Amino acid sequence: MAVPKSKTSKSRKNKRRAQHKLSSLNLSFDSQTGSYKMSHRIDENGYYKGRQVIKVKQK
């Protein structure tokens, strides 16, 4: 069984844990709908990069 040779100090432990943070979402402004959407996703109307990719049924 692997056992640490010496105690991990508080500063070393906290330096390692400093990388565990949430990153912000990549939001881009959609000029067609006037709202923000996530990058590399189609919008609610079925458009991607200014052209219609899928047809969406209207409710």
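Exposed means a relative accessible area over 50%. That cut-off serves the legends below, which describe a predicted model.

**View 1. The whole chain holds 1 helix and 4 strands.** From the N terminus on, the elements run α-β-β-β-β. The radius of gyration is 23 Å, well over the 10 Å that the globule rule gives for 59 residues, so the chain is more spread out than a compact globule. Along its principal axes, the C-alpha trace spans about 65 × 25 × 20 Å. Of the 59 residues in the chain, 7% are buried.

**View 2. Strand 1 and strand 2 form a hairpin.** The two strands pair in the antiparallel sense. Their pairing runs over 4 bridges. Strand 1 covers residues 27–30, and strand 2 covers residues 35–38. Leu 27 stands opposite Met 38 in strand 2. Between the strands lie 4 residues. In this hairpin, Gly 34 takes a positive phi near 80°.

**View 3. Phe 29 and Tyr 36 form an aromatic pair.** How many aromatic pairs does the count give? It comes to 1 aromatic pair. The rings of Phe 29 and Tyr 36 are 5.4 Å apart, centre to centre. Their planes stand at 70°. An angle over 60 degrees counts as edge-to-face, and the pair of Phe 29 and Tyr 36 is edge-to-face. Are these two residues buried or exposed? Phe 29 is exposed, and so is Tyr 36.

**View 4. His 40 has a positive phi in a loop.** The phi of His 40 is near 60°. This is a positive value in a residue other than glycine. Where is His 40 found? The residue sits in the loop between strand 2 (35–38) and strand 3 (47–48). His 40 counts as exposed because its relative accessibility is 66%.

**View 5. Lys 49 also has a positive phi.** The value for Lys 49 is about 55°, although the residue is not a glycine. Lys 49 lies in the loop between strand 3 and strand 4 (51–52). Why does Lys 49 count as exposed? Its relative accessible area is 73%, and the cut-off for exposed is over 50%.

**View 6. Tyr 47 belongs to strand 3.** With a relative accessibility of 24%, Tyr 47 counts as partly exposed. Gln 32 is 15 residues away from Tyr 47 in sequence. In space, Tyr 47 and Gln 32 are 9.1 Å apart, C-alpha to C-alpha.

**View 7. The largest pocket is lined by 13 residues.** Rolling a probe the size of a water molecule over the atoms shows where empty space is left. About 170 Å³ of space lies in the largest pocket. Which elements give two or more residues to its lining? They are strand 1 and strand 3. Strand 1 gives the most, with 3 residues. Which residues lie nearest the centre of the pocket? They are Phe 29, Asp 30, Lys 37, Lys 49 and Gly 50. Two of these names come from earlier views: Phe 29 from the aromatic pair and Lys 49 from the loop between strand 3 and strand 4. By type, the lining divides into 3 nonpolar, 6 polar and 4 charged residues.

Notes:
Residues numbered from 1 in each chain as written. Predicted model: local features only at pLDDT ≥ 70, side-chain atom pairs only at ≥ 80, totals over all residues. Heavy atoms only, no water. Phe/Tyr/Trp six-rings, centres within 6.5 Å; stacked < 30°, edge-to-face > 60°. Buried < 20%, exposed > 50% of the residue type's maximum accessible area, 1.4 Å probe, protein only. 1 Å grid on protein atoms, 1.4 Å probe; cavity = no way out; pocket = protein on both sides within 12 Å on 5 of 7 lines; lining within 4 Å. Points joined across faces, edges and corners; volume = space filled by probe spheres on them. Nonpolar A, V, L, I, M, F, W, Y, C, P; charged D, E, K, R; others polar. Pairing = 2+ DSSP bridges. Rg over C-alpha atoms; globule rule 2.2 N^0.38 Å.
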